[in-house]
Amino acid sequence: MTSTSAKPGSNERSSAQAPALDNPAARLMLTNLLPVAIMRLSRTPSRGFQIDYLSESSEALWGLSLPEIGKCPRRLWRRIHPDDLPHLHDRLREAGKGRTEWSATFRIRTEGSEKWVVGRGLPRPDLPGDAWNITVTDITAQIQAYADLQASEARFRALTENIPGAIFRYRLRTDGTHQIFDMTPGCIGIWELPAEVINTDPTPIWNMIHPDDVPPMRASVVDSARSLKPWHYIWRLTTPSGRFKWLEGRGLPHREANGDTVWHSVILDVTEQRRKDEEIRRLAERDELTGLANRTLLRRRLETALRQRLADRAGGALILIDLDHFKDINDTLGHDAGDIFLRATAERLTESAGRDDVVARIGGDEFVVVMPRISDEQAVLDTIARIDARLSQNVHIDGRDLSTTVSMGVALFPRDGDTPNTLLKHADIALFEAKAAGRQTHVFFSRALSAVRERRQSLAEALRGAIVADTLRVAFQPIVEAGSGRHKGFEALARWTLDGQAISPAEFIPLAEETGLAVPLGRLLLTRTLSLARRLADTGIDPGTISVNVSAAQLREPDFAASIAAALRDYGFPPQRLEIEVTETVILGRSSERIALTLRELRGLGTRIALDDFGTGYASLAHLKRIRVDRLKIDQSFVRDIETDADDAVIVRTVISLAKSLGMDVVAEGIETREQLAFLRHYGCDLAQGYLFGRPTTSETDLVSYLSGIGQA
Ligand code: C2E
Ligand code: MG
Ligand code: MG
């Protein structure tokens with residue numbers, strides 16, 4: 001048997017029919033390509049061994065050509081490193097005695113290089129002459145990699161000596177005993193135990209662990225041992241010197257041949273980090289100003305309470321609290337005073353709430369008290385009474401005594417909702433109702449309230465649509481001279497029809513105010529009013545003074561007067577013929593300074609100002625002095641009963657003489673009967689408005705014929 005004639009270039013056939021190992025030529029070629037040298041030896045009659053077969057790959061491995069090697073293995077022996085020969089001899093002798101398989105690692109020296117190889121021998125009793133199959137595999141690269149690994153491990157060790165954490169190996173034996181070995185000095189720092197103690201028996205380390213952490217930690221170790229998945233755990237520990245620590249450990253497990261599990265482990269002291277985490281968490285869940293729970297924590301507590309109440313079928317309550325006039329404190333005394341007041345409020349709420357109750361601040365002046373468990377509604381009423389009483393006591397700030405009233409909305413759970421969101425939403429609906437009822441009161445949520453709220457919401461949506469689609473109209477109602485009945489002007493009143501049904505401005509105007517639609521709505525109505533007035537004037541008949549109602553939100557717009565001036569110019573309408581009607585509450589409310597300024601600007605344009613619904617609010621003479629008004633409008637509620645109610649008669653008479661003495665004119669609204677008119681005339685009322693003279697109408701033809709009928713004003 002000699003070397004093969006198959007050459008690497010002639011192997012297209014075998015590569016085409018993939019593992020063609022039944023083809024002897026292909027098999028031969030494959031063995032020659034392997035990085036393994038293959039040979040067969042057998043004994044000669046002289047008892048020496050001879051080479052029966054040698055693969056081509058042997059040339060590269062031994063650094064000799066096949067002819068150079070020839071049939072005698074001696075040439076090959078000479079190439080083996082002398083230091084490795086004794087060992088190899090031993091292996092061969094042993095194997096030869098029992099005709100058993102052998103393997104040995106040794107070095108082959110060729111010109112200029114040295115290779116590490118593994119030789120393996122397999123006896124072939126099926127062949128004559130004590131034959132052996134021998135493979136020699138080059139493992140130089142693996143040996144090199146291993147050496148590199150050793151070197152890097154040494155480097156790694158050098159590095160880890162200085163790491164504050166503990167690096168070590170942990171062995172868990174099949175009998176449950178354990179051992180720590182290969183540990184870095186950091187271990188001593190972590191556990192504060194002498195190395196000998198740790199190395200002898202790690203039990204004292206387990207004994208330092210917080211009792212609550214021991215069972216789950218043990219379970220995590222056992223689990224990692226079973227699954228051979230990386231181990232990770234965070235636990236608490238108290239060292240022999242009494243130091244408390246948070247430790248975080250990770251380990252990579254592997255199973256040894258004897259069944260032991262050994263982890264490469266790292267433990268880090270994460271106490272500082274945990275402290276910071278807890279601080280951050282505390283900050284994230286607390287309201288900075290008052291230290292109360294914030295919305296996040298409130299939500300978490302509510303969730304817990306809801307879960308418990310759903311489980312035990314008992315009840316709880318959420319009280320949403322809004323300070324009634326906090327804005328005034330902020331506006332008049334400044335934000336520092338406001339902050340002090342809020343902190344005081346937080347303290348008082350905490351005092352008023354029960355020990356298990358959660359008190360939270362969820363907005364500027366919005367607070368929440370959650371009563372996680374209540375026996376009945378009376379318990380909620382008791383808390384509400386305590387809150388009312390405590391908050392109405394004075395807080396002393398900057399030499400002033402301040403107190404507040406509150407509006408509260410209550411939602412009970414699980415009755416009114418089983419998620420934090422619905423509960424808060426429902427409490428908010430109830431709170432809204434409490435405010436609408438004049439504040440300083442509390443309202444319990446009910447389904448009926450919810451229906452009212454829903455109608456309001458869908459109405460607001462529809463109104464938004466109507467503004468965009470420009471489907472709102474204005475009606476004109478005549479205002480006449482009380483004595484003569486002569487036409488003096490019109491009041492423009494908004495009209496809106498939704499699905500064929502008229503919605504009262506008394507409903508949609510406040511809705512527009514609440515939903516931020518007052519400004520665009522007002523702008524639209526003003527345009528409609530002026531264009532109608534323009535068209536009436538264009539018929540050649542003077543429509544007189546046109547009165548428009550405006551909302552507080554419009555008057556708060558800094559450019560409101562300018563926009564009126566521009567609109568008047570656009571329609572060529574004289575400013576003196578426009579009257580702005582504002583209600584008493586408008587000049588008393590929020591941003592009254594800004595509103596007073598706008599009103600002065602309007603008067604500066606020459607526009608007139610009328611105070612609407614006079615007598616229903618709290619406007620005083622002082623206000624009338626601050627804001628110059630051209631006209632007072634006596635509210636129809638006084639006119640209605642003027643003949644029968646002595647008080648109303650007195651009020652009307654007083655308002656008329658007041659207006660006269662201040663140089664204003666007076667309009668009485670809502671006159672429906674001749675008797676009412678007679679009374680008002682008698683008291684000296686200048687002007688009159690009401691169904692008696694004409695209903696508000698959007699019909700232009702009706703308006704034109706009305707104006708033609710009465711002739712010029
Ligand atoms: P207001 O300004 O006091 O308007 C007078 C209200 O009395 C009008 O109700 C009018 O239709 C009604 N009225 C007139 N004569 C009589 C009468 O003889 N008997 C009775 N029972 N009522 C009479 P309306 O149109 O429902 O408006 C209600 C309120 O809505 C108005 O009160 C005004 O405050 C507000 N409003 C109406 N249009 C506008 C507007 O364009 N802008 C703003 N901001 N508010 C408006
Ligand atoms: Mg009016
Ligand atoms: Mg009125």
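**Close-up 1. Leu228 in the loop between α11 and β8 of the predicted model.** In this predicted model, Leu228 belongs to the loop that runs between helix α11 (214-227) and strand β8 (231-238). The backbone of Leu228 has a phi near 60 degrees, which is a positive value in a residue other than glycine. With a relative accessible area of 35%, Leu228 is classed as partly exposed.

**Close-up 2. Asp130 and the pairing of strands β4 and β5.** Asp130 is placed in the loop between β4 and β5, and its phi, near 55 degrees, is positive although the residue is not glycine. The relative accessible area of Asp130 is 21%, and the residue is therefore partly exposed, given that buried means under 20%. The two strands on either side of this loop, β4 (residues 113-124) and β5 (residues 131-138), pair in the antiparallel sense over 8 bridges. Within the view, Val117 stands opposite Asp138 of β5.

**Close-up 3. The open sheet of 5 strands and helix α6.** The strands of this open sheet follow the order β2-β1-β5-β4-β3 and pair in the antiparallel sense. Strands β2 (49-54) and β3 (102-110) stand at the edges with a single partner strand each, so that one side of each has no neighbour in the sheet. From one strand to the next, the twist averages 30 degrees. Helix α6 (residues 85-98) packs on the sheet, where it touches β3 and β5, and the direction of the helix makes about 145 degrees with that of β3.

**Close-up 4. The cis peptide bond between Phe413 and Pro414.** Phe413 and Pro414 are joined by a cis peptide bond, for which omega is about 5 degrees. Pro414 is located in the loop between strand β16 (406-413) and helix α17.

**Close-up 5. The crossing of helices α17 and α18.** The axes of helix α17 (residues 420-436) and helix α18 (residues 447-469) come within 10 Å and cross at roughly 80 degrees. Because angles of 65 to 115 degrees count as roughly perpendicular, α17 and α18 are described as roughly perpendicular to each other. On the α17 side the contact is made by His426, Asp428, Ile429, Ala430, Phe432 and Glu433, and on the α18 side by Arg447, Leu449, Ser450, Arg453 and Arg456. Sorted by class, the contact of α17 with α18 comprises 4 nonpolar, 2 polar and 5 charged residues.

**Close-up 6. Ile509 in helix α19 and its contacts.** Ile509 is part of helix α19 (residues 505-514) and is partly exposed, with a relative accessible area of 27%. When residues up to four places away in sequence are not counted, Ile509 touches Leu521 and Ser551. Although Ile509 and Ser551 are 42 residues apart along the chain, their C-alpha atoms are separated by 8.2 Å.

**Close-up 7. Coordination of the magnesium ion (ligand 2).** The protein donors of this magnesium ion (ligand 2) are Glu491 (OE), Asn549 (OD1), Glu581 (OE) and Asp612 (OD), which lie 2.0 to 2.2 Å from it. Along the chain, the donors of the magnesium ion (ligand 2) follow the spacing E-x57-N-x31-E-x30-D. Distant parts of the chain are linked here, with Glu491 in strand β19 (residues 487-498) and Asp612 in strand β23 (residues 608-614), 121 residues apart. Glu491 has a relative accessible area of 3% and is buried, and Asp612, at 5% relative accessibility, also counts as buried.

**Close-up 8. Coordination of the magnesium ion (ligand 3) and the ligand it shares with ligand 2.** Asp612 (OD), Asp613 (OD) and Glu669, which is listed twice (OE), are the protein donors of the magnesium ion (ligand 3), at 2.1 to 2.6 Å from it. The spacing of these donors along the chain is D-D-x55-E. Asp613 lies in strand β23 and Glu669 in the loop between β25 (665-668) and α28 (674-683), so this pair ties together parts that are 56 residues apart in sequence. Asp613 is partly exposed, with a relative accessible area of 24%, whereas Glu669 counts as buried at 8% relative accessibility. The magnesium ion (ligand 3) and the magnesium ion (ligand 2) are 4.1 Å apart, and both are coordinated by Asp612.

Methods: Residues numbered from 1 in each chain as written. Chains lettered and ligands numbered in written order. Predicted model: local features only at pLDDT ≥ 70, side-chain atom pairs only at ≥ 80, totals over all residues. Heavy atoms only, no water. Axes fitted to C-alpha atoms, helices over the stretch in contact; angles between N-to-C directions. Helix = DSSP H or I, 4+ residues; strand = E, 2+ residues; numbered from the N terminus. Parallel < 35°, antiparallel > 145°, perpendicular 65-115°, else oblique. Contact = heavy atoms within 4.5 Å. Nonpolar A, V, L, I, M, F, W, Y, C, P; charged D, E, K, R; others polar. Donors = N, O, S within 2.8 Å, 3.2 Å for Na, K, Ca; no water. Buried < 20%, exposed > 50% of the residue type's maximum accessible area, 1.4 Å probe, protein only. Pairing = 2+ DSSP bridges.
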